[in-house]
Amino acid sequence: MVLDYGSGNLRSAERALARAGAEVTVTADAASALAADGLVVPGVGAYAACMAGLLGVGGDVVVRKRVATGAPLLGICVGMQVLFERGEEHGVATAGLAVLPGTVHRLTAPVLPHMGWNTVAPPPESVLFRGVGSERFYFVHSYAATRTEGVVTTAEHGEPFVAAVERGTVSATQFHPEKSGGPGAALLANWLETLR
Amino acid sequence: MSLAVRVIPCLDVAAGRVVKGVNFADLRDAGDPVELATRYDAEGADELTFLDVTASVQGRETTFEVVRRTAEQVFIPLTVGGGVRAVADVDALLRAGADKISVNTAAVRRPELIAEIAHRFGRQVLVLSLDVRRVRPGDPATPSGFEVTTHGGRRGTGLDALAWAVRAQELGAGEILLNSMDADGTMAGFDLELIAAVRAVSGVPVIASGGAGRAADFPPAVTAGADAVLAAGVFHFGAVRIGEAKAALREAGYPVR
């Protein structure tokens, strides 16, 4: 199930998950989002705007409850960033959902947004990247977390940052698997496999 | 480990059909943008750009349909430009499945449009299409010697191209699609002087466009400062395949996907 809180190109996420073999519903309904086998939290744009959108549909409660009960969750791009403790944009800090340790800040790089296909370095124990090999994924963001806990996959643009994290039943990617062609589809299929 | 140079084919679409000729023998329907988009995806294109050159309202509806069908079949980023005049146009295109939209004429007329779009959807969706030519003898001079044009390069504005690039970034443009109207269609190579000039004032990615005629034309554009390269005709007519452009970049030492 894909959570619709007014952010992002939901159609792409929906289609990419369907292609990877899922039965997909897009919903803004908290009860359905809570009950889903797996929940995708997408997100593009500003951190504060995404958090406001999430709060608007009760998404904060849904995410925290799912994490507390071990129900699988996949955050994508800003949908990943809001899982951290807070985001700092233009010197203003916005509280995040704090289900992952760490903060999100503007990357130090000569050209931002970090836009395009970059390499990632997954650790051998990663489930998301199982069988994916050394592929590139599509990123478009200016902010990221540089530290967290769990199975952490890093990438680099100006500085190293968290490209993906897997911690218990919480998974998240800073890149867009739904826009990353074949490797993105393989990663989504790996995540769907964990829901079975 | 580093970001790959993006190679981006651009399709001119009118009323749901590709308007500039396409010359691939094995396409069922060379006028169908969705089929061509799928073909470019399979060849390794890093993104796709549709330029909607439709004039009529009914034609625009058809474009949304093309975007929808493309987004269902192609899982790489899609930028759509042409005729974007208001936040509502952006909303409709993003809902149809576009990842980014590009603006030119409407933003030149009313620069606040950039801020409005960036505020609502984030700057990462907003590509400033910068159609630039050297100021012609007799026309009013600009500080950089380059001026912004609108209406597909047919109309000069007297607006300094570098000053406009800086202003647009301040307002919220997340990327610059730099079209050299002097080089466009010449197939004599990219406008390296222009690319370097715009790179020097840009903290956002710059996509170079205009002038590509052979695979060897692509690496110098990156050396001049481009983060990505875009072309239309040279890909459509099969003069250069996406893979050949990438091979030339790789040989020059640039990372590609």
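Modeller: Buried area is the accessible area that two parts lose on being put together, summed over both, and in this predicted model the area buried between chain A and chain B is about 2500 Å².

Biologist: What makes up that buried area between chain A and chain B, and which residues of chain A lose the most area to chain B?

Modeller: Carbon and sulfur atoms give 59% of the area buried between the two chains. On the side of chain A, the residues that lose the most are Arg11(A), Met115(A) and Trp117(A), which together account for 28% of what that side buries. Counted by contact, chain A contributes 29 residues and chain B contributes 34 residues.

Biologist: Why is the link of Arg11(A) with Glu72(B) called a salt bridge?

Modeller: A salt bridge needs a side-chain nitrogen of Lys or Arg within 4 Å of a carboxyl oxygen of Asp or Glu. The closest N and O atoms of Arg11(A) and Glu72(B) are 2.5 Å apart, so the pair meets that cut-off and earns the name. The count between chain A and chain B is two salt bridges.

Biologist: How do you know that E5(A) and E6(A) are paired strands?

Modeller: Pairing requires at least two bridges between the strands, and strand E5 (residues 86–89) and strand E6 (residues 92–95) of chain A have four bridges in the antiparallel sense, so they count as paired. Within this pair, Glu89(A) stands opposite Val92(A). The two strands form a hairpin with two residues between them, and His90(A), in the turn, has a positive phi of about 50°.

Biologist: Why is the space lined by Glu47(B) and Ile207(B), among others, called a cavity?

Modeller: A cavity is a set of points where a 1.4 Å probe fits but cannot get out, whereas a pocket is an open set, so the name says that the probe is shut in. The structure holds one cavity of 30 Å³ or more, and about 40 Å³ of space lies in the largest cavity. Strand E5 (100–103) and strand E9 (175–180) of chain B are the elements that each give two or more residues to its lining, a lining that divides into three nonpolar, three polar and three charged residues.

Biologist: What lines the largest pocket, and which residues are closest to its centre?

Modeller: The largest pocket, with about 1200 Å³ of space, is lined by 43 residues, of which Asp12(B), Leu51(B), Val53(B), Asp131(B) and Gly152(B) are the closest to its centre. By class, the lining has 16 nonpolar, 18 polar and nine charged residues; Gly152(B) falls among the polar residues, because Gly is counted in that class.

Notes:
Residues are numbered from 1 along each chain as its sequence is written. Chains are lettered from A and ligands numbered from 1 in the order in which they are written. This is a predicted model: local features need pLDDT of at least 70, side-chain atom pairs count only at pLDDT 80 or more; totals for chains, interfaces and linings use all residues. Side-chain values use heavy atoms; hydrogens and water are left out. On a 1 Å grid over the protein atoms alone, a cavity is a set of points where a 1.4 Å probe fits but cannot get out, and a pocket is an open set with protein on both sides within 12 Å along at least five of seven lines; lining residues have an atom within 4 Å of a point. Grid points are joined across faces, edges and corners, and a volume is the space filled by probe spheres set on the points. Contact means heavy atoms within 4.5 Å. Buried area is the accessible area (1.4 Å probe) that two parts lose on being put together, summed over both.
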